[in-house]
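Visitor: I am new here and would like to learn how the labels on a structure are earned. Could you show me around?

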Amino acid sequence: MKQPNAGRKRNLAVVDPKHPEQNKNKEALIEANKKLNELNEKPPAHLPKYAKQLWKELAPELNKVGMVTSLDSTNFELFCMQYQEHRDAVNTIKKYGSVYEDSNGNLKKNPAVNVADTATKNLRSLGMILGIDYNSRSQNANTESDNNIDINEAMKAFGG
């Protein structure tokens with residue numbers, strides 16, 4: 001028998017009411033995660049300023065949810081670094097503008113615009129993987145452990 005979406009990655013965030021086994025899989029994952037080490041709340045020393053700040057802010061919250069463990073630290077580090085890239089690009093755009101005039105008088109797009117755009121896309125993608133975005137959280141919601149992390153609010157705390 002052919003399984004629907006057989007070529008797609010499993011997404012434990014999507015729980016279809018017609019398939020109660022999906023909820024059992026999600027609960028099994030949460031239970032298995034309890035046996036793993038939590039995400040280290042101290043950021044790696046090599047992270048730059050904004051990445052460290054974001055790590056310090058979000059790591060304790062992600063540990064409370066219980067869906068992210070030390071096994072996810074690489075993705076979380078990438079998430080924090082993309083946030084740093086985004087902040088750096090936005091600061092560059094603020095300083096020099098989104099366009100500049102070249103030596104021939106032609107207007108050119110500031111390369112920082114592309115960096116900010118790419119970092120934003122990567123943040124969204126990594127946020128979904130880590131369960132940081134609203135949709136992932138709401139679909140993974142467990143009435144006892146949902147702590148309502150809002151990445152937009154967290155980013156505002158850092159001027160993003």
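Guide: Gladly! Let us start inside helix α3, whose buried residues include Phe76, Phe79, Tyr83 and Arg87. This is a predicted model, where local features need pLDDT of at least 70 and side-chain atom pairs pLDDT 80 or more, while totals for chains, interfaces and linings use all residues. Residues are numbered from 1 along each chain as its sequence is written, and side-chain values use heavy atoms, leaving out hydrogens and water.

Visitor: Why is Phe76 called buried?

Guide: Buried means under 20% relative accessible area, exposed over 50%, and partly exposed in between (1.4 Å probe, protein chains only). Phe76 has 0% relative accessibility, so Phe76 counts as buried. Trp55, at 3%, is buried by that rule too.

Visitor: What makes Trp55 and Phe76 an aromatic pair?

Guide: Rings of Phe, Tyr and Trp (its six-membered ring) pair if their centres lie within 6.5 Å; planes under 30 degrees apart are stacked, over 60 edge-to-face, and the rest tilted. The structure holds two such pairs. In one of them, the centres of Trp55 and Phe76 are 4.6 Å apart and the planes make 50 degrees, which gives a tilted pair. Trp55 belongs to helix α2 and Phe76 to helix α3, so the pair ties together parts 21 residues apart in sequence.

Visitor: Why is the pair of Phe76 and Phe79 called stacked?

Guide: Their ring centres are 6.5 Å apart and their planes meet at 10 degrees, so this pair is stacked. Phe76 and Phe79 sit three residues apart in α3, about one helical turn. Ring pairs join Trp55, Phe76 and Phe79 into a cluster.

Visitor: How do you know that Glu61 and Lys64 form a salt bridge?

Guide: A salt bridge needs a side-chain nitrogen of Lys or Arg within 4 Å of a carboxyl oxygen of Asp or Glu. For Glu61 and Lys64, the closest N and O atoms are 3.5 Å apart, which fits. Glu61 is partly exposed at 25% relative accessibility, whereas Lys64 is exposed at 54%.

Visitor: What makes Asp117 and Lys121 a salt bridge?

Guide: Their N to O distance is 3.2 Å. Both lie in helix α4, four residues apart, about one turn of the helix.

Visitor: How do you know that Arg87 lies over the face of Tyr50?

Guide: A charge sits over a ring if NZ of Lys or CZ of Arg is within 6 Å of the ring centre and within 35 degrees of the ring normal. Arg87 is 3.8 Å from the ring centre of Tyr50 and lies over its face.

Definitions and conventions:
Helices (H or I, at least four residues) and strands (E, at least two) are DSSP runs, numbered from the N terminus.
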